Amino acid sequence: MKQIYGPIVFFGNERIATGVTTTTPILRSLIEAGYPIAAVVANHEAAKSRNARSLEVATLAGEYGIPVLLPDKPKDILEELRSYGAVAGVLVAYGRIIPQSIIDIFPRGIINIHPSLLPKHRGPTPLESVMLDGSSVTGVSIMELAKEMDAGPVYAQSEYELTGAETKQQLADDLSEIGSAMLLEILPGILDGSVVALPQDHNAATYDKLISRNDGVLDCTKPAVTLEREIRAYAQWPKSRMRLGTTDVVITAASVTQLGKATPGKLMPEKKRLFIGTGQDWLEVLRLKPAGKAEMTTEAFLNGYGKDL
């Protein structure tokens, strides 16, 4: 039976990509393994947004009577965190830089579960970025949190092969489960000092940009393969939007097809199928959501809106 070394403070909401939901596998696994969680600290901005869904980590914390802290800034709760006497912090998708004064509270530091193979894809959007890049592999890194973004030494990594067809939610779920299993395996060694983190190669680092709402506007001058990746990477938020005829829609699923020379933006309905010309090849719309309506198949859309194309 593993030795439990002392309380842990959990930072973050476990939503490791924009717009996804979470079943909180990492916090849940810590609780079920018997680690005492002194508090859950979540990003105040995520909690106060008028469009925010209930924070899943807060719901789980409530089931176990764990305090939930929503500070404007982490340093606002420095003394409260110090009072817990926690041996370490665990961080998953907190969404803000943690100052060194907070990190220094914990004898074993803060352990960050980051969904990429560091030093590649540092920053806030590693899942979206590997989907947009068409990468063949990504993974999970468990690292020691440092003041600089995602730059701390790494305890362990695990690779994950990409098929090029995964949805953002599926990828988030899979990487979260991998991170949960990795953390449970190495956490005892981190806490007793037998597992040592190794420095990253900072010269090999890449950084991912924030995603804005404007990224969701589909630009049909781009190749169809790029647009298909965007549709998967921007699912949930910011969503992939365009006008088909007179109707504003969000395209939720598409595929690339070759039908000869394409004219960017040209619509080609064909029986129960709909193709859009792009800068290279054609994009076939598989599922979409007209403004104010539920998601539907292309066939259903053509039945209701085809005359307006």
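K272 is an exposed residue in this predicted model, because its relative accessible area of 54% lies over the 50% cut-off. Its side chain meets that of E299 in a salt bridge, with 3.7 Å from N to O. The two partners come from distant parts of the chain, 27 residues apart: K272 sits in the loop between β10 (267-270) and β11 (273-277), and E299 belongs to helix α9 (residues 298-305). E299 counts as partly exposed, because its relative accessibility is 35%, a value between the 20% and 50% limits.

A search of the whole structure finds 10 salt bridges, the pair of E299 and K272 being one of them. Side chains of opposite charge can pair when their charged atoms come close. Another bridge joins R287 and E295, with an N to O distance of 3.3 Å. R287 is partly exposed, with a relative accessible area of 32%, and E295 is likewise partly exposed, at 40% relative accessibility. A further bridge is formed by the side chains of D215 and K209, at 3.2 Å from N to O. In this pair K209 is exposed, with a relative accessible area of 51%, whereas D215 counts as partly exposed at 21%.

The surface also carries nonpolar groups. I97, M149 and Y207 make a nonpolar surface patch of about 310 Å². M149 is found in the loop between β6 (137-144) and β7 (154-161), and its relative accessibility of 35% is the reason it counts as partly exposed. For the protein as a whole, the accessible surface comes to about 14,400 Å², and 51% of that area belongs to carbon and sulfur atoms.

These surface features belong to a chain of 309 residues, of which 49% count as buried. The protein has nine helices and 13 strands, and its C-alpha trace spans about 65 × 40 × 35 Å along the principal axes. Among contacts between residues at least 6 apart in sequence, 67% join residues at least 24 apart.

From the surface, the description turns to the interior. In soluble globular proteins, nonpolar side chains tend to be buried together. The largest nonpolar core here has 46 residues, and those with the most contacts inside it are F10, I37 and L183. Helix α7 (residues 168-192) gives the most to this core, contributing nine residues. The surroundings of F10 can be listed in detail: leaving aside residues up to four places away in sequence, F10 touches I26, L27, L30, I37, A39, V40, V41, V57, V90 and V92. I37 is thus both a contact of F10 and one of the residues with the most contacts inside the core.

Next to F10 in sequence is F11, which takes part in aromatic pairing. The structure holds three aromatic pairs. In one of them, the rings of F11 and Y94 have their centres 6.1 Å apart and their planes at 90°, so the arrangement is edge-to-face. This pair links distant parts of the chain, 83 residues apart: F11 lies in strand β1 (residues 8-11), and Y94 in the loop between β4 (88-91) and α5 (100-103). Both residues are buried, F11 with a relative accessible area of 1% and Y94 at 2% relative accessibility. F11 also pairs with F106; the ring centres are 6.1 Å apart and the planes stand at 90°, so this pair too is edge-to-face. Because F11 lies in strand β1 and F106 in the loop between α5 and β5, the pair ties together parts that are 95 residues apart in sequence. F106 is buried, as is F11. Through these ring pairs, F11, Y94 and F106 are linked into a cluster.

Which part of helix α6 is covered? Helix α6 (residues 126-133) is mostly covered, with six of its eight residues buried. The buried residues are P126, L127, E128, S129, V130 and M131, a list that includes the charged-type residue E128 as well as S129. They pack against β5 (110-114), β6, α7 and α8 (224-233). Helix α7 therefore appears twice in this account, as a packing partner of α6 and as the element that gives the most to the largest nonpolar core. Just after α6, G134 takes a positive phi of about 70°.

Technical notes
Residues numbered from 1 in each chain as written. Predicted model: local features only at pLDDT ≥ 70, side-chain atom pairs only at ≥ 80, totals over all residues. Heavy atoms only, no water. Patch = residues over 30% accessible without salt bridge, like charges linked within 9 Å, V, L, I, M, F, W, Y side chains within 5 Å. Areas by Shrake-Rupley, 256 points an atom, 1.4 Å probe, with all protein chains shown as cover. Salt bridge = Lys/Arg side-chain N within 4 Å of Asp/Glu carboxyl O. Helix = DSSP H or I, 4+ residues; strand = E, 2+ residues; numbered from the N terminus. Buried < 20%, exposed > 50% of the residue type's maximum accessible area, 1.4 Å probe, protein only. Core = buried A, V, L, I, M, F, W, Y, C linked by side-chain atoms within 4.5 Å. Contact = heavy atoms within 4.5 Å. Phe/Tyr/Trp six-rings, centres within 6.5 Å; stacked < 30°, edge-to-face > 60°.
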